[in-house]
Each structure stands twice: as structure tokens, then as C-alpha cells.
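I sat down with a coffee and this model to see what could be read from it. My notes are below, in the order I looked things up.

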Amino acid sequence: HPLMTMLEAGVNVTINTDDPSISRITLSHEYYTACEDLKMPQSTLCDRIIAAAQAGFLATKEKEKLVAQLKKELKM
């Protein structure tokens, strides 16, 4: 998978699932796969989680609150 190459090229990628109820793949499984199979450092994973929250379709205040909460939980 080209995820790490995309990150090295400066592409703002996020890690997602399609439809967990159909694919039976969870977001935590995708995170695990990125770290274990693609050798993504945990710090990079945390950055990608924040990037996903920042790209979400939320009102600005809600997005800021979500990002702050995630940063706190991820100890960033």
C-alpha cells in the first residue's frame, strides 16, 4: 500500500474504513495494520488521527473541541 510513500510526498492522508458493517474491518484494525504492516510510527498515526478530525464535516467550534479532546487523549 502506498500510504507511507504518500505521507513522505507530503499528501495529507487519513486512515478510514469503508463500511465496517459490510467489510467487517474496524478503524482500530486499520490503525493496527498501518503500524504493523506498513511500519508507521505511532506518532505518525496520531498525526493522521488529528488530520482526520480536522478534515471532518463539523462546525468549526465542534471540530476545535474534537481536535482538542483527541490531542489530550493521545497525549499530544
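These entries go from the whole chain to its largest pocket.

**Entry 1: what I am looking at.** I remind myself that this is a predicted model. The protein chain has 76 residues, and 25% of them are buried.

**Entry 2: secondary structure.** I looked up the helices and strands and found five helices and zero strands. Reading along the sequence, I wrote the pattern down as α-α-α-α-α.

**Entry 3: extent and surface.** I checked the box that the C-alpha atoms fill, and along the principal axes it is roughly 35 × 30 × 20 Å. For the accessible surface of the protein chain I noted about 5700 Å². Carbon and sulfur atoms account for 55% of that surface.

**Entry 4: contacts along the chain.** I took the contacts between residues at least 6 apart in sequence and asked what share join residues at least 24 apart. The figure I wrote down is 45%.

**Entry 5: the largest pocket.** Next I looked for open space and noted a volume of about 160 Å³ for the largest pocket. Which residues line the largest pocket? My list has His1, Leu3, Val13, Thr14, Ile15, Asn16, Glu30, Thr33, Ala34 and Leu38.

**Entry 6: who contributes to the lining.** I then asked which element gives the largest share of this lining. Helix α3, residues 27-36, supplies that share with three residues. Sorted by character, the lining has five nonpolar residues, four polar ones and one charged.

Note on methods: Residues are numbered from 1 along each chain as its sequence is written. This is a predicted model: local features need pLDDT of at least 70, side-chain atom pairs count only at pLDDT 80 or more; totals for chains, interfaces and linings use all residues. Side-chain values use heavy atoms; hydrogens and water are left out. On a 1 Å grid over the protein atoms alone, a cavity is a set of points where a 1.4 Å probe fits but cannot get out, and a pocket is an open set with protein on both sides within 12 Å along at least five of seven lines; lining residues have an atom within 4 Å of a point. Grid points are joined across faces, edges and corners, and a volume is the space filled by probe spheres set on the points. Helices (H or I, at least four residues) and strands (E, at least two) are DSSP runs, numbered from the N terminus. Ala, Val, Leu, Ile, Met, Phe, Trp, Tyr, Cys and Pro count as nonpolar, Asp, Glu, Lys and Arg as charged, and the others, Gly among them, as polar. Buried means under 20% relative accessible area, exposed over 50%, partly exposed in between (1.4 Å probe, protein chains only). Contact means heavy atoms within 4.5 Å. Accessible areas come from the Shrake-Rupley method with a 1.4 Å probe; for residues, only the protein chains shown count as cover.
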